[in-house]
Amino acid sequence: MNDRPVLWELDARGVATVTLNRPAVNNAYNADLVQGLLDTIDALSKPPKTSETPPDAPCELRVVVLRGEGKHFQAGADLNWLQQVASQSAAENIAVSRATAEAVHRLNNLPVPAVALVQGGCFGGGTGIIAACDVVIAADNALFSISETRWGLMAGIIIPQLNDAIGVRQVRRYALTGERFGAEEARRIGLVHEVVPLAELDAAGARVVDHLLQNAPEANAQTKALAIEYGWGDVSTQRFSRIIEQHAAKRRSAEGGEGLASFREKRPASWYRGR
């Protein structure tokens, strides 16, 4: 397997398969993976073919299928990397949060349908990634959590997409408890659309892709754009900047430092007063 953090290929139908490719760390995101996503979206967003396009040029993009290499889809942020980021300047932290937020925002606003195929763990930022997709199919072994506050951080940059996917009421539970929940609960609350046996995940994705390909591309693009316009995810530039600044500042806070230290030292955080 190629060692780039994000892989992609485009077939003759215009279906792009994008693979998160850090299986050794359960596809946890770091700067390289985020940049890989941004570069992939750039490459896939090139203008469609016209009568003047060379015949050997790639075909027009119609659908994006997003998946994770290995046993898990995406384990959220690489906390070892976050510890390094947290020690950097405020400006550097804002740049990191902006790139991450931009990747999710641009995935959410792709003019073509995006389909996520989820197996194993999908935690933290991974839930934001799938909330930014139009169709999500989960294997029956999938496990989810919105776990940022467990580490003294916050999920601000994915809250708009999560609000669109599961509604404010469910975000107020799962983003505050950080508890893990399985594929059927994810389906019940709307984070995923369908749950299938792991062995049938690819086939289920292929069926959905075929449905999408039967529909007119421009009509699908307009329908998707209008749905987003009337949702939570279409935030203003001012709100987008505020979310990024808050997200970056929390990483550098005392709580963030203690949360990341508790992760590193494999102990409960100081604020835990449990049993």
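The following exercises, each with a worked solution, concern a predicted model.

**Exercise 1. The open sheet**

Determine the strand order of the open sheet of 3 strands, and explain why β5 and β8 each have one side without a neighbour in the sheet.

Solution.
Step 1. The strands of this open sheet follow the order β5-β7-β8, and their pairing is mixed.
Step 2. Because β5 (121-123) and β8 (181-182) stand at the edges with a single partner strand each, one side of each has no neighbour in the sheet.
Step 3. The contact of β5 with β7 (residues 143-145) is parallel and consists of 3 bridges. Within it, Phe-123 has Ser-145 of β7 as its bridge partner.

**Exercise 2. The hairpin**

Describe how strand β1 and strand β2 pair, and state which residue in the turn has a positive phi.

Solution.
Step 1. β1 covers residues 6-10 and β2 covers residues 15-20; 5 bridges join the two strands in the antiparallel sense.
Step 2. One point of register is given by Leu-7, which stands opposite Thr-19 in β2.
Step 3. The two strands form a hairpin with 4 residues between them. In the turn, Gly-14 has a positive phi of about 90 degrees.

**Exercise 3. The nonpolar cores**

Identify the residues of the largest nonpolar core that touch the most other members, and the helix that gives the largest share of this core.

Solution.
Step 1. The largest nonpolar core holds 62 residues. Those touching the most other members are Val-64, Leu-107, Val-118, Ile-130, Phe-144 and Leu-191.
Step 2. Helix α1 (residues 31-44) supplies the largest share, 6 residues.
Step 3. A second core, separate from this one, has 15 residues, including Val-65, Ala-204, Val-208 and Leu-212.
Step 4. As background, nonpolar side chains in soluble globular proteins tend to be buried together.

**Exercise 4. The largest pocket**

Characterise the largest pocket by its volume, its lining and the classes of its lining residues.

Solution.
Step 1. The volume of the largest pocket is about 670 Å³.
Step 2. Its lining comprises 37 residues; Ala-75, Gly-76, Ala-77, Leu-79 and Ser-147 lie nearest the centre.
Step 3. Two or more lining residues come from each of α1, α2 (79-86), α3 (90-108), α4 (125-131) and α9 (237-251). The largest share, 4 residues, belongs to α3.
Step 4. Sorted by class, the lining contains 22 nonpolar, 9 polar and 6 charged residues.

**Exercise 5. Aromatic pairs**

Classify the ring pair of Tyr-29 and Trp-81, and decide whether each of these residues is buried or exposed.

Solution.
Step 1. The whole structure contains 4 aromatic pairs.
Step 2. For Tyr-29 and Trp-81, the ring centres are 6.0 Å apart and the planes meet at 70 degrees; the pair is therefore edge-to-face, since plane angles over 60 degrees fall in that class.
Step 3. Tyr-29 lies in the loop between β2 and α1 and Trp-81 in helix α2, so distant parts of the chain, 52 residues apart, are linked.
Step 4. The relative accessible area of Tyr-29 is 11% and that of Trp-81 is 13%. Both residues are therefore buried, the limit being under 20%.

**Exercise 6. A second ring pair**

Classify the pair formed by Trp-151 and Phe-263, and locate both residues.

Solution.
Step 1. The ring centres of Trp-151 and Phe-263 lie 5.6 Å apart with planes at 75 degrees, so this pair is edge-to-face.
Step 2. Trp-151 belongs to the loop between β7 and α5 (159-177), and Phe-263 to helix α10 (residues 254-265). The pair therefore ties together parts 112 residues apart in sequence.
Step 3. Trp-151 is partly exposed at 24% relative accessibility, and Phe-263 is partly exposed at 28%.

Key. Residues numbered from 1 in each chain as written. Predicted model: local features only at pLDDT ≥ 70, side-chain atom pairs only at ≥ 80, totals over all residues. Heavy atoms only, no water. Pairing = 2+ DSSP bridges. Core = buried A, V, L, I, M, F, W, Y, C linked by side-chain atoms within 4.5 Å. Buried < 20%, exposed > 50% of the residue type's maximum accessible area, 1.4 Å probe, protein only. 1 Å grid on protein atoms, 1.4 Å probe; cavity = no way out; pocket = protein on both sides within 12 Å on 5 of 7 lines; lining within 4 Å. Points joined across faces, edges and corners; volume = space filled by probe spheres on them. Nonpolar A, V, L, I, M, F, W, Y, C, P; charged D, E, K, R; others polar. Phe/Tyr/Trp six-rings, centres within 6.5 Å; stacked < 30°, edge-to-face > 60°.
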